[in-house]
Amino acid sequence: MTETDPTDDEIQTDGSGIVAPDDETPTWRERKERSVGLSRLTYEYFERSRREDQDLRQESDYVERDVLAFPTWPHEIIRNLAITSFFVGMILFLSATLPPHIGPPANPSSTPAIILPDWYLYWSFGLLKLGPLNPELSILGGTKLLADRTYGVVANIIVVGIIAMVPFLNKGSARRPVEEPFWAAVGVGGVLFAFTISILAVKNLYPGNVDTLFDLTFLAPIVGGVVTYAVLKTMREGYMYDLNRRYYRLRPPK
């Protein structure tokens, strides 16, 4: 019987004999000069990556989670078709039992007292009614630098620009609001502002004091954002923020 050579090319599943220690890791030129072949070098690369990942997991205190997933077909497709069919059936049922009332044709020679856009554009229409915030400059004899309409258009450009810049400013990998309290507060404040500015757009139909409504339009989003930030800030420890952050850094979700 012949004694086995310790430098034999037998592949080891535990990484020993294949992956060199950190202080003996060959350089790229040394790897290139080997004659073991591309398949062996590929195996060494993945085996070393596997061993480093295993060592990192053993040294950390994160909790690994098992995520149950379902294939797209037939599970997801059938479920989505069932939900879609339900809502389509509800729409057909309501349209058949409660048909909309069709009023008389509009009079082209008269202008309606209240003109409103579609409901999803109320926030933009409300920004056109920020005339009280348009300053009257004393150096111009008490006149405004911009007309109220122009001032509202500029306000729309600024708001849309801020919304477009948020994805570029927030480059974190958070998956829950509790992991990023500041940006969650910004989101809540933005939603509240869209709601309050939409109410300001229909102030002609508002039964209360218009001045109070104007103040609440800007105070409510600030209060909502501050409260959201304070609540999420106190919840971070309860949700094991550091643990989740380490988990997502090691095993990013697919």
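**Exercise 1.** How many aromatic pairs does the structure hold?

*Solution.* This is a predicted model, in which local features need pLDDT of at least 70 and side-chain atom pairs count only at pLDDT 80 or more, while totals for chains, interfaces and linings use all residues. Residues are numbered from 1 along each chain as its sequence is written, and side-chain values use heavy atoms, with hydrogens and water left out. Start with the rule: rings of Phe, Tyr and Trp (its six-membered ring) pair if their centres lie within 6.5 Å, and planes under 30 degrees apart count as stacked, over 60 as edge-to-face and the rest as tilted. With this rule, the structure holds five aromatic pairs.

One of them can be worked through: the ring centres of Phe182 and Trp183 lie 5.2 Å apart and their planes stand at 75°, so this pair is edge-to-face. Ring pairs also link Phe193, Phe214 and Phe218 into a cluster.

**Exercise 2.** Decide whether Phe182 and Trp183 are buried, partly exposed or exposed.

*Solution.* Buried means under 20% relative accessible area, exposed means over 50%, and partly exposed lies in between (1.4 Å probe, protein chains only). Phe182 has a relative accessible area of 47%, so Phe182 is partly exposed. Trp183, at 22%, also counts as partly exposed.

**Exercise 3.** Find the residues that make up the largest nonpolar core, and the helices that supply them.

*Solution.* A nonpolar core is a set of buried Ala, Val, Leu, Ile, Met, Phe, Trp, Tyr and Cys residues joined through side-chain atoms within 4.5 Å. The largest one has eight residues, namely Leu127, Leu130, Ala155, Val159, Ile197, Leu200, Leu213 and Phe214. At least two residues of this core come from each of helix 5, helix 6 (181-201) and helix 7 (210-235), where helices (H or I, at least four residues) and strands (E, at least two) are DSSP runs numbered from the N terminus.

Now take Val159 from this core: when its neighbours within four places in sequence are left aside, Val159 is in contact (heavy atoms within 4.5 Å) with Trp123 and Leu127.

**Exercise 4.** Locate Leu146 and classify its accessibility.

*Solution.* Leu146 lies in the loop that runs between strand 2 (143-144) and helix 5 (148-169). Its relative accessibility is 32%, and therefore Leu146 counts as partly exposed.

**Exercise 5.** Describe the order of the elements in the protein chain.

*Solution.* The protein chain has eight helices and two strands, and from the N terminus on these run α-α-α-α-β-β-α-α-α-α.
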